[in-house]
Amino acid sequence: IFDLNAYAETDKVHPHGICYDPYWQRIWYTHGDGSDAILYSDDLGDTWSYAHHVTTYNSGTQVVGIKAMPTCLLFGSDDVPNGILRIDRAEGKHTADGKYKVQVAYKINNETVNRTHLCHAITQAKHYPNAPVLFGFGSESNPAPSIIIATYDGWTFSRLWEDSISQPKG
């Protein structure tokens, strides 16, 4: 449903994440490591539009995993700012230009230059009522402790766990 070749040649990218959004009946897709992009399809992959697109490397908006929530979309970061980024649904499903503002929802640290953490997993125990969404981060380009961040609503976050030692990069 997604022709990566149409983007890989010009953007020099590979896939990062994909998510079906039951609130907007939309597919979200991210790619990076060339240009950074968040794309969406409202017709099950027949056509794709950029929600956000930055053509410079180290843009500050490179993301991997995606979680659709009732009031927002959350994205685990793969670059600085290290943490979780958000698209607020208050902008509406159809913006004037089809683009969306990407906000910093949760910063793991105040690092503005070095990648310390990469979001390795986003999960939620759906068989438990009101279960939190969990974001697992590990070290990326620099040594860092692994951590788990949780949210119930996409707006308030808690650091549930942090490793007592820094793991080697990568």
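This report describes the aromatic ring pairs of the structure above and the charges that sit over two of the rings.

The model is predicted, so to speak of local features a pLDDT of at least 70 is needed, and side-chain atom pairs count only at pLDDT 80 or more, while totals for chains, interfaces and linings use all residues. Residues are numbered from 1 along each chain as its sequence is written, and side-chain values use heavy atoms, with hydrogens and water left out.

Rings of Phe, Tyr and Trp (its six-membered ring) pair if their centres lie within 6.5 Å, and planes under 30 degrees apart count as stacked, over 60 as edge-to-face and the rest as tilted. By this rule there are 9 aromatic pairs, among them the edge-to-face pair of Phe 2 and Trp 48, with 5.0 Å centre to centre and 90 degrees between the planes. Phe 2 lies in the segment before helix H1 (5-11) and Trp 48 in the loop between strands E3 (36-41) and E4 (49-54), so the pair ties together parts 46 residues apart in sequence; helices (H or I, at least four residues) and strands (E, at least two) are DSSP runs, numbered from the N terminus. Phe 2 is buried at 19% relative accessibility, as is Trp 48 at 16%, where buried means under 20% relative accessible area, exposed over 50% and partly exposed in between (1.4 Å probe, protein chains only).

Trp 28 and Tyr 40 form a tilted pair, 5.5 Å centre to centre with 50 degrees between the planes, and both are buried. Trp 24, Trp 28, Tyr 40 and Tyr 100 form one aromatic cluster.

A charge sits over a ring if NZ of Lys or CZ of Arg is within 6 Å of the ring centre and within 35 degrees of the ring normal.

| Charged residue | Ring | Distance from ring centre |
|---|---|---|
| Arg 26 | Tyr 40 | 3.8 Å |
| Arg 89 | Trp 24 | 4.7 Å |
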